[in-house]
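Subject: Structure handover

Hello,

Here is the structure I said I would pass on. My notes on it follow below.

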Amino acid sequence: MAEITLRKYHGLGNDYLIYDPNRNACELQERQVEALCRRNLGVGADGILYGPFFDGDKMRVRIFNPDGSEAEKSGNGIRIFSKYLKDMGYVTEESYVLHTKAGETRVTFLNEQGDLMRVDMGYPEFVAKEIPVVGFEGEIVNEAIFFGDNFYNATCVSLGNPNCVLMLEEVSQKKAMQLGPYVENSRYFPNRINMQLCQVLDRENIQIEIYERGAGYTYASGTGACAAAAASHKMGFVGDRVTVHMHGGELLVEFAWDGRIDMTGPVVYIGSITLAEQFFA
């Protein structure tokens, strides 16, 4: 019987499985994504990276949440997939461009092992129709929006995927898990949304807790870290170099003179997993 092989990595505790169509015969389906990501009945993961796919000289990855929905972009996912591409010999250059549903992203490896890298995350977008958010016009920055049981100061930002940053005096995992479902599924967000609870520690540090669309509470998020840093930067709470502290660890977010964002962080290879083909039946 044929077997299916996946590789597993994590970025600050945010773990992904990689399913390579060039090394496996079966086509990945939505129900299989859900089955693989289940912690008790499957392998367990915060998502699946499906690729690489090739279109001429372009290299593309598809990013799936644990519920089977497809995400436009993932900062941790991009770093993890880049490490996989280097490990497997798909990429040998110091810098290359990866294509996601949200467009192209440049990745630069910062060491020979390829487990530390800088990702060009592009420009943050705060305009409601670009995120999208319904019921609002123009930029959504520090707006009082009702979620669950109270009004919260919300800043909505897209970095290729939608994020809602709530500024609080103190953040906690418990609060993120309580409030996350209300924010993710709010009527304001037709495509659902990722939520970050953000506490500004000082001009160079913020603390966040994350509840991701289609995944729930997660230890870390690259785009979430950049979104929270962008919201804090937009409101003047932080400078151009920000360390984002999360449950799983830290990422460095830097702002260029024109507002473009770079994210720097590590990736850890966990191991290879082999499954019977009948798992995909």
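How many cavities of 30 Å³ or more does the count come to? The count comes to one cavity of 30 Å³ or more. A cavity here is a set of points, on a 1 Å grid over the protein atoms alone, where a 1.4 Å probe fits but cannot get out. Grid points are joined across faces, edges and corners, and a volume is the space filled by probe spheres set on the points.

Before the rest, two remarks on the source. This is a predicted model, in which local features need pLDDT of at least 70 and side-chain atom pairs count only at pLDDT 80 or more, while totals for chains, interfaces and linings use all residues. Residues are numbered from 1 along each chain as its sequence is written, and side-chain values use heavy atoms, with hydrogens and water left out.

The cavity
The largest cavity has a volume of about 110 Å³. Its lining (residues with an atom within 4 Å of a point) is made of 14 residues, and N65, K73, S74, N161 and E212 lie nearest the centre. Two or more lining residues come from each of β2 (14-19) and α4 (222-234); helices (H or I, at least four residues) and strands (E, at least two) are DSSP runs, numbered from the N terminus. The lining divides into three nonpolar, eight polar and three charged residues, where Asp, Glu, Lys and Arg count as charged, Ala, Val, Leu, Ile, Met, Phe, Trp, Tyr, Cys and Pro as nonpolar, and the others, Gly among them, as polar.

Helix α2 and D20
S74 also appears at the start of α2, where one of its side-chain oxygens reaches to within 2.8 Å of the backbone nitrogen of G77. Eleven of the 13 residues of α2 are buried (under 20% relative accessible area, with a 1.4 Å probe and protein chains only), so the helix is largely enclosed by the rest of the structure. Y84 is one of the buried residues. The side chain of Y84 makes a polar contact (N or O atoms within 3.5 Å, one able to donate a hydrogen and the other to accept it) with the side chain of D20, at 2.6 Å. D20 has a second such contact, with the side chain of Y90 at 2.8 Å. D20 sits in the loop between β2 and α1 (30-37) and is buried, at 2% relative accessibility.

Cysteines
There are zero disulfides in the whole structure, a disulfide being a pair of cysteine sulfur atoms within 2.5 Å. The closest cysteine sulfur to that of C156 is in C164, and at 4.1 Å it is too far for a bond.

Regards

Terms used: On a 1 Å grid over the protein atoms alone, a cavity is a set of points where a 1.4 Å probe fits but cannot get out, and a pocket is an open set with protein on both sides within 12 Å along at least five of seven lines; lining residues have an atom within 4 Å of a point. Buried means under 20% relative accessible area, exposed over 50%, partly exposed in between (1.4 Å probe, protein chains only).
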